[in-house]
Amino acid sequence: LERNDIGGSTRDRYVFAMPKAIEPVGQSRNDFDIFDELAGRLDCREAFSKGRDEEAWLQWIYQGIVDKAVQQGVSMPDFDEFWEQGYWLAPETREDDVLFGPFRADPEANPLATPSKKIELFSETIAAFDYDDCPPHPAWMKPAEWLGDDKAKAFPFHLITNQPRARLHSQMDAGPLSRAQKINGREPVWINPADAEGKGIAEGDVVRLFNERGACLAGAVITDRVRPGVIVLATGAWFDPLDMNTPGSLEKHGNPNVLTLDKGTSRLAQGCAALSALVQVEKFDGTPPPVTAFEPPHLLTPEETR
């Protein structure tokens, strides 16, 4: 909202102009200005900025798109026209609709960027790494935590973390749309009716999710849209520990990061392994502590910083 940008992707026909809606609020600044100043303190501002400000960088990025379009025989408007229009729509081509279209039409003339130049189901390169957690071909591998583990006796629920419907990741969690879907001010957690009955949990109850890594509170949603033994808690609730200075302190708002493993998917990929987590669920006993995630921090005055 507070910076200018350009949006698009390689599989999207649109290129979007993204002018800022408002000037930066308070002491906030956009990423470029922050890192430009840091680069200046490290005596490498010119190497970082290349002598360009925000607008010049946007024009440089756009020109790169124009140059690639020219190579494809496609003309684009100049930057000023594009910025005023707000978007540019690329012409539709067969390649836009068919994955690996040129390769499928003529594999020899349009080889893929693999060692064999073809689609590969087995990778000699990955095989050479000899990773025990990443075979060179597609394979099912036992998750780090799952309901087939002995660990499920102590933590019998498989936690699934999905994307929230009322925000993007954690962005705008403090906004009215996101906060309207909270349960008692906390992130909703889906629980199967049979599991909820067994735990004495009713719709709207504040529940505690926990394992040996941490614990968080959430608001119960009883639904048969989730199978028994599985609970669903969306990502992105703003982190709100009971005591910020105590590691492992109860998280009050429903942030699943306190429950998930801190490990990558494999030695090769290092992707997010958040879906492999076992937890226990119980009705919270007592008065739940208030959610304070949305209370703004105290801004120090110049006098307080001396």
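Two strands count as paired if DSSP finds at least two bridges between them. In this predicted model, strand S5 and strand S8 satisfy that rule, since two bridges link them, and they run in the antiparallel sense. S8 covers residues 230-233. Within this pairing, Val189 stands opposite Leu233 of S8.

S5, which covers residues 188-191, also pairs with strand S7, residues 215-222. Here the two strands run parallel and are joined by four bridges. One of the residue pairs can be named: Trp190 has Val221 in S7 as its bridge partner. S5 thus has a parallel pairing with S7 and an antiparallel pairing with S8.

These strands belong to a chain whose secondary structure amounts to nine helices and nine strands. The chain has 306 residues, and 34% of them are buried. Among contacts with a separation of 6 or more, 59% are between residues 24 or more positions apart.

The overall dimensions come next. The C-alpha trace spans about 65 × 65 × 40 Å along the principal axes of the protein chain. The radius of gyration of the chain is 25 Å, whereas a compact globule of 306 residues would have one near 19 Å.

The surface and the charges complete the description. About 19,900 Å² of the protein chain is accessible surface, and carbon and sulfur atoms account for 54% of that area. The chain carries 49 negative side chains and 32 positive ones. The centre of the negative set and the centre of the positive set lie 5 Å apart.

Conventions. Residues are numbered from 1 along each chain as its sequence is written. This is a predicted model: local features need pLDDT of at least 70, side-chain atom pairs count only at pLDDT 80 or more; totals for chains, interfaces and linings use all residues. Side-chain values use heavy atoms; hydrogens and water are left out. The radius of gyration is taken over C-alpha atoms; the globule rule is 2.2 Å times the number of residues to the power 0.38. Buried means under 20% relative accessible area, exposed over 50%, partly exposed in between (1.4 Å probe, protein chains only). Contact means heavy atoms within 4.5 Å. Accessible areas come from the Shrake-Rupley method with a 1.4 Å probe; for residues, only the protein chains shown count as cover. Lys and Arg count as positive and Asp and Glu as negative; His and the chain ends are not counted. The place of a charge is taken as NZ of Lys, CZ of Arg, CG of Asp or CD of Glu.
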